[in-house]
Amino acid sequence: MKNFVPAHDILVALQNSEYKDWSINKDILLRKHALNGSEKERYTLVMKKGNEKKTVLFDANGRMLAVQQGVHLELADADF
C-alpha cells in the first residue's frame, strides 16, 4: 500500500523524535511480510525538511527501526 495516512502510533513517535519539525513527503509505504512464522508490518516514510530528505522505517507499534539519508524505499523490505 502506498501513500496513506500513517498509524497514530507512528505519528506520536514522530512528534516525540528529532523529526517533529520535518514534514512527511508523499512517499509512504506499508509492507507486510512473514518473519519467523509471523506477519510483520513495516512502514517507510520519506521525511523532508528544507532540501534535506531522510527515509525513516517504523514497525506497526511506532518504534523507529532505521533512518537513512535521502530516499531509500527499498528499506521497506528489510528484516528488522
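**Notebook: a helix, four strands and some side chains**

I started at Leu11, which is partly exposed, with a relative accessible area of 33%. My cut-offs: buried is under 20% relative accessible area, exposed is over 50%, and partly exposed is in between, using a 1.4 Å probe and protein chains only.

Before going on, a note on what I am looking at. This is a predicted model, so I kept local features to pLDDT of at least 70 and side-chain atom pairs to pLDDT 80 or more, while totals for chains, interfaces and linings use all residues. Residues are numbered from 1 along each chain as its sequence is written, and side-chain values use heavy atoms, with hydrogens and water left out.

**Overall layout**

I looked up the secondary structure and found one helix and four strands. The order from the N terminus is α-β-β-β-β. Both kinds of element are DSSP runs numbered from the N terminus: helices are H or I with at least four residues, strands are E with at least two.

How much of the protein counts as buried? I get 40% of its 80 residues. For the surface, I have about 4,800 Å² exposed, with carbon and sulfur atoms supplying 46% of that. These areas come from the Shrake-Rupley method with a 1.4 Å probe, and for residues only the protein chains shown count as cover.

I also checked contacts, meaning heavy atoms within 4.5 Å. Of those with a separation of 6 or more, 40% are between residues 24 or more positions apart.

**Leu11 and its patch**

Back to Leu11, which sits in helix H1, residues 8-15. Together with Val5 and Ile24, Leu11 forms a nonpolar patch on the surface, and the three have about 250 Å² of accessible area between them. The patch rule takes residues with over 30% relative accessible area and no salt bridge; nonpolar side chains (Val, Leu, Ile, Met, Phe, Trp, Tyr) are joined within 5 Å, like charges within 9 Å.

Pro6 comes in the segment before H1. Pro6 is buried at 9% relative accessible area. Not counting residues up to four places away in sequence, Pro6 touches Leu11, Ile24, Ile28 and Leu45. The C-alpha atoms of Pro6 and Ile28 are 7.9 Å apart, with their positions 22 residues apart along the chain.

Leu14 is also in H1, and at 4% relative accessibility Leu14 counts as buried. Beyond four places in sequence, Leu14 touches Tyr19, Lys20, Ile24, Leu45, Met47 and Phe58. I checked Leu14 against Val56 too: 42 residues apart in sequence, 9.8 Å apart C-alpha to C-alpha.

**Aromatic pair**

I searched the whole structure and got one aromatic pair. Tyr19 and Trp22 have ring centres 5.3 Å apart and planes at 80°, so I logged the pair as edge-to-face. The rule: rings of Phe, Tyr and Trp (its six-membered ring) pair if their centres lie within 6.5 Å; planes under 30 degrees apart are stacked, over 60 edge-to-face, the rest tilted. Both Tyr19 and Trp22 are buried.

**Salt bridges**

How many salt bridges are there? I count two, taking a side-chain nitrogen of Lys or Arg within 4 Å of a carboxyl oxygen of Asp or Glu.

One joins Lys49 and Asp21 at 3.4 Å, N to O. Lys49 is in strand S2 (residues 38-49) and Asp21 is in the loop between H1 and strand S1 (23-35), so this pair ties together parts that are 28 residues apart in sequence. Lys49 is partly exposed at 38%, and Asp21 is partly exposed at 48%.

Asp59 and Arg63 make a salt bridge at 3.2 Å, N to O. Asp59 is buried at 7% relative accessibility.

**Two lysines in S3**

Lys54 is in strand S3, residues 52-59. Lys54 is buried yet has no salt bridge; Glu52, the nearest side chain of opposite charge, is 4.0 Å away. For charge I count Lys and Arg as positive, Asp and Glu as negative, and leave out His and the chain ends. Past four places in sequence, the contacts of Lys54 include Tyr19 and Trp22.

Lys53 is in S3 as well, and is partly exposed at 29%. Lys53 is in contact with Trp22, Asn25 and Gln69, among others more than four places away in sequence. Lys53 and Trp22 are 31 residues apart in sequence, with 9.1 Å from C-alpha to C-alpha.
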